[in-house]
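Do you have your viewer open and your selection tool ready? Let's take a short walk through this model, one stop at a time.

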Amino acid sequence: MKKRYFLILFIVTFISRGQESNIKSSVKNVETKVDSVLNLMTLEEKIGQMVQYNGGWDLTGPATNAGNKQKEDRIKKGLVGSLLNVLSPEATESAQRLNMENSRLKIPMMFGYDVIHGYKTIFPVPLGETASWDLDAMQESAKIAALEAVADGVNWTFSPMIDVSRDARWGRIMEGSGEDPYLTSRVAEAKVRGYQGENLADPQTIAATAKHFAGYGFVEGGRDYNVANIGKTELNNFILPPFKAAADAGVATFMNSFNTVDGTPATASEYLQREILKGKWDWKGFVVSDWGSIAELIPHGIAKDKIEAAEIAIKAGSDMDMEGGAYETGLKKLVEEGKIDEKIIDDAVRRILRVKFKMGLFEDPYRYSNKNLKSQVNYEEHRKTARDIARKSIVLLKNEGNLLPLKQNQKIAIIGPLADDKDTPIGNWRAQGEANSAVSVVEGIRNLGPRNISYAKGVDLGMGEKSFLVPLKINETDRSGIPEAVEKAKAADVVVMVLGEDAFQTGEGRSQTNIDLAGLQKELLKKVYEVNKNIVLVLINGRPMEITWSAKNIPAIVEAWQLGTESGNAIADVLYGKYNPSGKLPVSFPHAVGQEPLYYNHKNTGRPYTPGVVTSSHYTDIENGPLYPFGYGLSYTTFKYSAPRLSSDKMNAGDSISVKVDVTNTGNLAGREVVQFYLRDKVASLARPVKELKGFKLVELAPGETKTVEFNIDEKMLEFYDAAGEWVTEPGEFEVMIGGNSEEVQNTDFEFIKQ
Ligand code: GLC
């Protein structure tokens with residue numbers, strides 16, 4: 001036994017020798033090491049690397065396995081490749097020690113966790129953070145999350161979630177970056193850089209996961225775990241680009257998804273996992289299944305038992321089985337019966353070992369179980385960053401009569417179930433963010449210094465026990481707090497109504513048919529409106545909401561998402577003008593939930609909308625289009641755009657042209673503007689979207705200042721996946737559109753010439 005350990009150690013050391021003194025392993029050496037270790041492994045040990053168990057700490061799915069005794073026995077035999085939900089340096093060290101001191105080959109385990117928008121310092125939910133369009137900020141929050149996670153023994157996060165989604169009924173729309181593939185792709189790259197840094201072996205970085213591969217955001221009806229009835233052109237043009245971006249950015253792992261794509265569960269999709277990810281994209285990491293998704297091939301009706309599920313999933317390219325119990329049940333038998341070739345297992349194990357070597361785990365299996373790290377984490381500094389990112393994520397939707405920013409001497413009544421709620425801003429995927437640890441709106445306003453404020457909750461929103469696996473109860477009956485709220489509203493100059501969604505109204509398994517203000521919130525709002533119309537509605541929510549009545553009647557509306565730990569401070573900063581709001585919607589807000597799925601990059605159809613009856617894309621009982629469009633957001637100042645100027649109105653294949661626009665701050669406050677650049681392919685072999693985001697730039701402008709913003713246009717930008725299954729560019733007319741949101745744009749045309 002000992003001999004073998006020294007053999008592993010020799011292999012790792014010998015091959016490592018001569019490398020730079022730092023912790024970087026060159027790719028060549030890693031491959032040599034991987035093959036050397038693989039050649040020592042028995043079939044059982046190989047299969048062991050493909051098994052991931054829940055540590056029992058923080059269940060995020062229905063636990064499928066027996067108690068911890070069975071898991072510990074397997075760990076001691078080196079038959080567990082990874083654990084999830086095991087937290088603290090002590091816990092991960094003791095689990096790793098169980099493996100390293102008992103198993104034959106001492107192959108270190110990875111420790112995964114859902115660090116979705118922060119670990120202990122919680123940042124805005126991803127949909128909200130994307131509204132900042134600030135890629136540097138989003139990279140920084142991932143970097144901070146990694147620092148805090150690794151201080152707690154976690155070395156792998158199941159993030160970023162990069163499922164493009166257009167349906168606000170889907171509870172997990174909160175977890176992604178909205179409806180646009182280009183914006184989601186840029187966020188994916190920023191998050192991978194943030195989590196993984198320059199070198200995965202750096203003990204202050206963690207492995208990232210591109211999830212959920214693929215099509216999860218297109219589930220029919222917005223119902224979680226449902227079917228996604230999409231063809232290959234929609235899949236490749238709208239859903240896959242962010243995953244390609246993550247793969248190109250070097251993401252260490254992928255996670256597959258629960259849904260079917262055109263009838264095949266993603267976990268069973270050779271097209272997705274082998275033909276595209278590992279084939280065309282030549283990606284070298286490993287795919288972990290989502291929780292139990294391999295065994296779920298049985299209820300999908302694709303497999304009759306776990307053995308068949310294991311056969312289908314391994315052939316499809318799923319490398320590691322999270323809590324499914326399928327690989328440990330079926331793979332050995334399948335090899336022995338000749339139903340699968342051991343080479344297919346070798347490929348999966350090679351991928352897993354490759355990531356572990358790159359993480360430096362073989363050089364130091366306890367590298368990420370460092371008890372001293374936590375005391376070095378500067379949580380105060382992280383909170384400052386969290387406040388800054390939260391402020392940038394806030395979207396000003398309406399500000400009639402410049403009711404905002406508030407003035408210090410105004411008498412303010414802060415009303416609503418979320419006004420002093422310290423828990424909801426932490427969101428549903430809260431990792432180790434403590435319950436009730438957020439700054440509430442009431443606290444945030446008080447933190448700004450003496451002000452004449454009153455507070456009334458008015459009504460409860462969510463009631464009873466709240467946690468990941470417990471259905472949320474909404475208050476539909478208790479109105480007892482409304483009279484006090486109305487009295488306080490009557491006595492105030494301005495009312496700040498803080499309404500929206502409880503943290504556990506969004507997230508996994510939280511799809512809703514209604515996306516309006518649940519419970520008694522609308523009743524409270526209208527009662528207050530009867531006595532005081534000077535209302536600022538602050539929304540704290542995870543998904544686009546139906547706020548049509550408010551948009552019509554309430555003078556000021558602020559979309560504040562679930563902003564995390566520093567929520568109340570960030571909201572107060574915006575309400576009182578300490579920060580001039582610059583957020584832009586990453587997702588369309590509908591007039592009514594019946595319009596969902598709703599998105600800006602839609603097709604023109606054969607009967608594009610014009611007022612009347614026999615035209616498409618509209619409903620006879622609601623105004624056409626979104627209430628607030630993709631890319632929309634106001635500022636306390638105003639911006640003017642010049643007409644876009646092309647460097648040429650013709651572009652030849654292989655060439656590039658550029659487009660410039662002058663943006664002027666025409667108000668009297670400095671502000672940040674997100675300049676957006678859209679393209680339309682007017683005639684193509686496929687029906688193409690009426691516009692697609694192809695670039696954006698953040699510009700800071702002083703009052704009266706003008707800056708010229710330039711975007712480069714090249715052939716790559718014109719590519720799309722055609723009906724023949726090829727990425728092509730086609731000659732013809734293209735429309736350029738530039739503006740401060742997807743609807744208010746100025747345009748010009750160019751011709752793409754391809755002989
Ligand atoms: C959940 C989620 C996935 C998460 C995993 C582990 O079911 O779908 O996003 O990473 O299980 O918690």
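Start by selecting strand 13 (residues 411-415), helix 17 (residues 441-447) and strand 14: together they make a right-handed β-α-β unit. Keep in mind as you look that this is a predicted model.

Now hide the helix and keep the two strands. Strand 13 and strand 14 (residues 452-456) run parallel to one another and are paired over five bridges. For a landmark within this pairing, show Ile 414, which stands opposite Tyr 455 in strand 14.

Next, move on to the cavities. How many of 30 Å³ or more are there? The count comes to five, and the largest of them holds about 110 Å³ of space. To find the largest cavity, select Ile 116, Pro 126, Pro 160, Glu 175 and Lys 191, which lie nearest its centre among the 17 residues of its lining. Then colour helix 6 (126-130) and helix 8 (181-196), the elements that each give two or more residues to that lining. If you colour the lining of the largest cavity by residue type, you will find nine nonpolar, five polar and three charged residues.

For the last stop, select helix 20 (residues 548-553) and pick out Ser 550 within it. Is Ser 550 buried or exposed? Its relative accessible area is 3%, so Ser 550 counts as buried, the cut-off being under 20%. To see what surrounds this serine, show Lys 398, Leu 525, Leu 537 and Ile 557: Ser 550 touches these four, leaving aside residues up to four places away in sequence.

How values were computed: Residues numbered from 1 in each chain as written. Predicted model: local features only at pLDDT ≥ 70, side-chain atom pairs only at ≥ 80, totals over all residues. Heavy atoms only, no water. Pairing = 2+ DSSP bridges. Helix = DSSP H or I, 4+ residues; strand = E, 2+ residues; numbered from the N terminus. Right-handed = clockwise from strand over helix to strand, strands pointing away. 1 Å grid on protein atoms, 1.4 Å probe; cavity = no way out; pocket = protein on both sides within 12 Å on 5 of 7 lines; lining within 4 Å. Points joined across faces, edges and corners; volume = space filled by probe spheres on them. Nonpolar A, V, L, I, M, F, W, Y, C, P; charged D, E, K, R; others polar. Buried < 20%, exposed > 50% of the residue type's maximum accessible area, 1.4 Å probe, protein only. Contact = heavy atoms within 4.5 Å.
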